[in-house]
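Trainee: Got a minute to go through this one with me? I'd like to start with the overall fold and then zoom in.

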Amino acid sequence: PLLTSVSGFPRVGRDRELKKAIEGYWRGDRSLDEIRKTASNLRRRHWKLQADQGIDLIPSNDFSYYDQMLDTAIMLNAVPQRYRSLSFENPEDTLFAIGRGYQGERGDVTALPMKKWFTTNYHYIVPEIDEATDIRLASTKPFDEFLEARSAGIDTKPVLIGPYTFLKLARDPRAEELDIDRGLINAVSAVYATILTRFSELGASWVQIDEPYLSMDKDPGDESLFASLYAPILAAGRGGVKVVLNTYFGHVADIYERLTLMGFDGIGLDLVEGRRGNLEAVRRY
């Protein structure tokens, strides 16, 4: 059957409610409970809006207080020790410290660097990974928001930034690029496999994994890296939750044939920036 799907929904609110609430919290004018309530109201409003329009695959975990790359780093436990040492009681305060820095009674840290998110005017927090990073599943956010939507009577399609894009954009503070060794590949892949297994147990029908970096030029070994990451992930989803690989910011013609053979249940293609290359790949394969 033909299904309608939304890749991700704007989270700031029609009247920029989220932005106003967070900035109020930073100024000390609002409490953390207030921004949590604002966030919850926005999520429910947006889920209901999409459901009322007849969308079949409504996204969850596309919400963020700050940046989805930062959310992904926290999910993978890639939080540098200098931010952990602040010992905040609330996870939101640690997230904000990473994103904008912190100077106060708990310490003095600068934010992680930001870079431009592909072809947009949006910026993302660059994840930092070094030898001390212990990659593991360290957040329940994707599951919490899936269950929050279900409690509102709406079954959603959880959305995750994929492991390939995450690793290609992360860096080691001691070097310009991240040394992606076999241990790191296995650890990151295992987290995503665990997430798919959990969503299968929760009864999710689909999970969307976003890999915009696939539209970029490939370095030697990149295709092998992608395949190594996804072999255990797709094995974990097999027989349970369906996995749609979502790509955007260009075409994936150079790797499309391989993607079709890997066992994804769906592949999202950019037919704006990547229209010509993607349509040619679809016709060919």
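Trainee: How many helices and strands are in the chain?

Mentor: Keep in mind that we're looking at a predicted model. Counting along the chain gives helices as well as strands. The tally is 11 helices and 9 strands.

Trainee: What radius of gyration does the chain have, next to that of a compact globule?

Mentor: Start from the length: with 285 residues, a compact globule would come out near 19 Å. The chain agrees with that, so the value you want is 19 Å.

Trainee: What share of the residues is buried?

Mentor: Here, buried means under 20% relative accessible area. Apply that to the 285 residues of the chain, and the buried share is 49%.

Trainee: And what share of the contacts with a separation of 6 or more joins residues 24 or more positions apart?

Mentor: A contact needs heavy atoms within 4.5 Å. Take those with a separation of 6 or more, and the part from residues 24 or more positions apart is 74%.

Trainee: Is strand S8 largely enclosed or open?

Mentor: S8 covers residues 242–246, and 4 of its 5 residues are buried. That means the rest of the structure surrounds it, so S8 is largely enclosed.

Trainee: Which residue in S8 is the bridge partner of Val207?

Mentor: Look at strand S7, residues 206–210, which pairs with S8 in the parallel sense over 5 bridges. Follow Val207 across to S8 and you land on its bridge partner, Val243.

Definitions and conventions
Residues numbered from 1 in each chain as written. Predicted model: local features only at pLDDT ≥ 70, side-chain atom pairs only at ≥ 80, totals over all residues. Heavy atoms only, no water. Helix = DSSP H or I, 4+ residues; strand = E, 2+ residues; numbered from the N terminus. Rg over C-alpha atoms; globule rule 2.2 N^0.38 Å. Buried < 20%, exposed > 50% of the residue type's maximum accessible area, 1.4 Å probe, protein only. Pairing = 2+ DSSP bridges.
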